[in-house]
Amino acid sequence: MSSIILIRRAYNRSSSSILFRFQSLFIPNSHPQFSTSTVKPQNHASGFDLPSKNVSSSISNERLNFSYRRRLLLFSTQAAVEASTSDGLTVDGIVANQWTILDENESDWKSHASAIAQSICLIKKRLKWKELKVRLELLSFQLEKPDIWDDPVHAGKISREHGTLMGKMKEVNGLEQELLEHIDMIKLAREEDDVDLELESVKALLRMRQSLKEKELEALLAGEHDSCSCFIEVQAGAGGTESMDWAGMVMQMYKMWAQRRGYGVTVVDEMRGEIAGIKRATVRVDGEYAYGYAKAEVGAHRLVRISPFDSAKRRHTSFAAVAVTPILGDGSHHVQISESDLRIERYRSGGAGGQHANVTDSAVRITHIPTGITAACQNERSQHQNKASAMAVLQSRLDQREMVRQAQMNAQYTQSLTDNSWGNQIRSYVLHPYRMVKDLRTNFEVSDPDSVLEGEIDDFILSYLTESMDKENDQV
Amino acid sequence: MNLSIFTKTSILSPTLSSRIILNRSISNSITPTPIISRCYPIPNPPISTNPKTPLFLRPPTFSATLSDLQKWQNWAKTLASSIGSTFTDSDNGPNSENLHRELNWLIEDALENPQFLQNPQFIENPQLQLRAELGDLYELWKQRIEERRPFQYVVGCEHWRDLVLSVEEGVLIPRPETELMVDLVEGVVKEEEDDDDDGLKGGLWVDLGTGSGAIAIGIARVLGGFGRVIVVDLSSVAVRVAEFNVKRYNLQDKISVKQGSWFEPLSGFEGRVAGLVSNPPYIPSGHIGGLQAEVGRHEPRLALDGGEDGMADLLHLCNGAASMLKSGGFFAFETNGEDQCKFLVDHMETVYYGSFYNLKIVKDFAGIERFVTGFRS
């Protein structure tokens with residue numbers, strides 16, 4: 001069965017090196033920061049070098065954008081007139097005023113307005129507002145070219161991205177406008193001594209303040225593929241049954257998390273341990289922003305406890321590796337899979353097959369020969385559907401691999417993505433001698449491991465997303 | 001658990017007609033399991049002309065409490081676990097893991113909202129709607145484990161390619177390997193440029209010994225708006241089931257179902273058939289007794305037994321292909337494996353020298369040489 005274990009070149013590390021990493025942790029005094037990224041950020045963003053013809057088109061586009069961006073930045077400084085109230089107060093002005101922000105229950109318009117203005121600024125920051133404006137100008141410029149629709153696929157891509165960015169920009173501008181209108185209305189109401197109108201407007205501000213808290217969160221998920229559904233894969237580290245049991249617990253944690261969030265969860269591929277847990281498993285998580293959230297979970301998860309499988313009741317440390325890949329929509333795949341590159345096998349089938357056998361198990365494994373990446377599915381009711389499902393996993397893995405490859409050529413993303421690779425230890429779950437779950441990236445911790453293992457991982461995810469967003473902004 | 005529910009006549013127990021087939025096919029050695037003898041015999045069963053409705057298509061008119069259903073589920077799980085690898089070791093039958101998966105599918109088919117049983121925390125009403133009585137679910141799962149009744153007969157359907165086909169005793173359950181037959185047809189049809197009546201796509205296709213109608217329905221969907229399909233089967237049960245499946249996929253204008261032996265119902269079509277496909281019986285008679293219990297005890301021998309060397313029907317199909325196919329016409333036959341494939345190709349190249357071209361042997365996903373394809377000169 002070991003041949004089924006995936007070749008994980010997609011993550012830049014072979015599975016044996018992951019196992020090596022796991023094992024290295026059992027060596028006393030080994031440094032916990034074993035997983036330092038081996039990929040150095042490459043500075044490709046200078047942008048003035050022209051794209052060479054033989055680089056794939058999407059990469060050259062990225063580069064093109066950079067070279068255009070430089071030049072267009074000059075133009076974009078001549079920004080449109082900023083929105084303001086009748087007496088010239090702008091959103092930035094409100095932030096600069098630093099009005100004290102009181103509790104939501106306090107009916108103080110200045111407090112509400114200040115909170116709203118801060119949220120708007122945060123959202124803008126998270127959307128990388130300045131870059132977004134430049135990108136939008138570039139896209140508009142491209143869309144106005146008369147020959148754009150000669151390449152309908154490219155044009156469709158540009159037009160979709162333009163639409164998305166335009167929507168975001170309009171939404172934020174609308175929020176600013178709304179805030180300023182409410183302030184104007186309150187001032188007017190005061191001049192006119194209209195208590196009802198003032199109360200109404202303060203209430204509207206409060207509603208805005210509350211809904212913007214939600215929007216802040218959404219703005220964390222502004223990545224190109226964040227809104228996609230995804231596959232979550234969990235693989236047990238070295239250490240036998242205890243490790244497999246831990247991998248099973250981690251998978252259960254994600255299933256419960258996904259159900260809590262209202263996502264659909266389907267097991268695609270599962271290889272159980274002989275005694276307990278799983279050797280590996282892949283689930284499909286369907287729903288908005290599933291990838292955006294789950295991508296924060298990529299890495300190695302460490303468990304420390306007295307193993308129930310050890311008759312000597314010793315304390316064990318185990319690892320489970322988590323990988324998350326996005327399910328991109330049709331037409332936005334990064335890799336076109338050619339049928340001739342595939343080896344499709346039925347596995348777990350023995351004997352003569354055909355009319356000789358009555359089977360309900362029609363497990364299919366697909367190998368992408370050029371990369372050695374494999375995907376398997378055995379939970380569908382027909383071979384055809386197992387094949388389709390395995391193809392979706394394979395497509396997702398190849399897309400992810402290509403995205404990582406492209407990102408490495410593009411300094412902007414290098415840092416954030418390589419940090420998230422398969423082998424990095426990201427979180428520690430200690431059940432003995434004390435009880436604590438701690439994220440090693442953010443230092444966020446909770447002292448109730450049970451609730452975390454029952455799927456309450458949102459706080460970990462959000463703290464990580466916030467931190468990495470802030471880091472990225474600092475770099476810019 | 002009150003055992004009396006097992007003994008009452010179940011609406012789902014096999015009809016007498018299928019029993020006869022069953023008995024005929026197990027004449028070798030198999031003694032009935034105790035559960036059969038405990039069932040009341042049905043003295044005068046109504047001879048139904050309509051095929052049985054698959055479980056998942058029945059109305060959810062029954063109900064059970066969550067706790068009763070969980071009790072059943074736990075009982076069924078324990079029964080499945082108790083099998084371990086016993087069946088696999090004895091005749092390559094299902095193991096516990098396979099059975100657990102089948103149990104989930106049974107729940108999927110039997111419950112109106114199967115997700116509630118998996119996640120009872122979301123449930124509002126402790127009553128769950130079922131498509132069969134709870135007592136029948138006990139009975140069905142006992143049949144699955146103790147009688148080795150094929151899962152597909154238990155739920156009355158087989159998921160095949162992207163289709164869900166009705167199946168019942170008396171009809172061969174379509175095999176996963178056979179799905180590839182449709183891909184083979186799709187391959188040759190796609191290569192074709194035009195779709196006029198002279199070509200393959202627009203022409204007449206024939207599926208002989210169709211059983212549930214699986215291959216024919218697959219092909220009809222591949223042909224899209226073009227061509228038409230005639231399906232033939234000797235068994236009246238198969239003809240009824242195939243008609244039911246054809247109607248369910250709304251292909252009755254495109255597929256006509258005929259009862260008869262092989263080419264018999266096709267007189268007048270000599271030299272006019274564009275495509276001929278078949279998954280004929282190909283198991284050598286001597287092997288029938290040693291088959292996996294699900295197959296040997298429950299599936300129709302008519303669809304399995306290919307004579308002494310298993311080649312009787314395949315050779316008959318070869319002869320027919322030579323006379324029925326038009327020039328350029330395509331054929332694809334499923335076989336027992338390497339030996340039959342090689343024999344068939346050799347036979348066509350020697351006995352029918354010059355009649356066929358581009359003969360190919362195609363492997364299934366398990367790597368077994370399974371199909372022979374080719375064209376009429």
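## Salt bridges, a pocket and a hairpin

In this predicted model, Asp87(A) and Lys187(A) join their side chains in a salt bridge, with N to O at 2.8 Å. Asp87(A) sits in the loop between helices H2 (57-76) and H3 (91-97) of chain A and Lys187(A) in helix H6 (residues 152-192) of chain A, so the pair ties together parts that are 100 residues apart in sequence. Over all chains, the structure holds 44 salt bridges. Here are three of them, side by side:

| Salt bridge | N to O distance | Separation in sequence |
|---|---|---|
| Asp87(A), Lys187(A) | 2.8 Å | 100 residues |
| Glu456(A), Arg260(A) | 3.5 Å | 196 residues |
| Arg148(B), Glu294(B) | 2.8 Å | 146 residues |

How exposed are these partners? Lys187(A) is partly exposed, at 25% relative accessible area. Glu456(A) is partly exposed at 43%, and Arg260(A) is partly exposed at 46%. In chain B, Arg148(B) and Glu294(B) are both buried, and they belong to a salt-bridge network that also includes Asp91(B), Glu102(B) and Arg144(B).

Next, a look at a pocket. The second largest has a volume of about 1500 Å³. Its lining counts 36 residues, and among those closest to the centre are Lys255(A), Val265(A) and Asn104(B). Helix H6 of chain B gives the most to this lining, with eight residues. By type, the lining divides into 12 nonpolar, 15 polar and nine charged residues.

Finally, the hairpin in chain B. Strands S3 (residues 157-160) and S4 run antiparallel, joined by four bridges, and Trp160(B) stands opposite Leu163(B). Two residues lie between the strands, and Arg161(B) takes a positive phi near 50 degrees. On S4 (residues 163-166), Leu163(B) and Leu165(B) on one side and Val164(B) and Ser166(B) on the other are all buried.

Terms used
Residues are numbered from 1 along each chain as its sequence is written. Chains are lettered from A and ligands numbered from 1 in the order in which they are written. This is a predicted model: local features need pLDDT of at least 70, side-chain atom pairs count only at pLDDT 80 or more; totals for chains, interfaces and linings use all residues. Side-chain values use heavy atoms; hydrogens and water are left out. Buried means under 20% relative accessible area, exposed over 50%, partly exposed in between (1.4 Å probe, protein chains only). Two strands pair if DSSP finds at least two bridges between them. On a 1 Å grid over the protein atoms alone, a cavity is a set of points where a 1.4 Å probe fits but cannot get out, and a pocket is an open set with protein on both sides within 12 Å along at least five of seven lines; lining residues have an atom within 4 Å of a point. Grid points are joined across faces, edges and corners, and a volume is the space filled by probe spheres set on the points. Ala, Val, Leu, Ile, Met, Phe, Trp, Tyr, Cys and Pro count as nonpolar, Asp, Glu, Lys and Arg as charged, and the others, Gly among them, as polar. A salt bridge is a side-chain nitrogen of Lys or Arg within 4 Å of a carboxyl oxygen of Asp or Glu.
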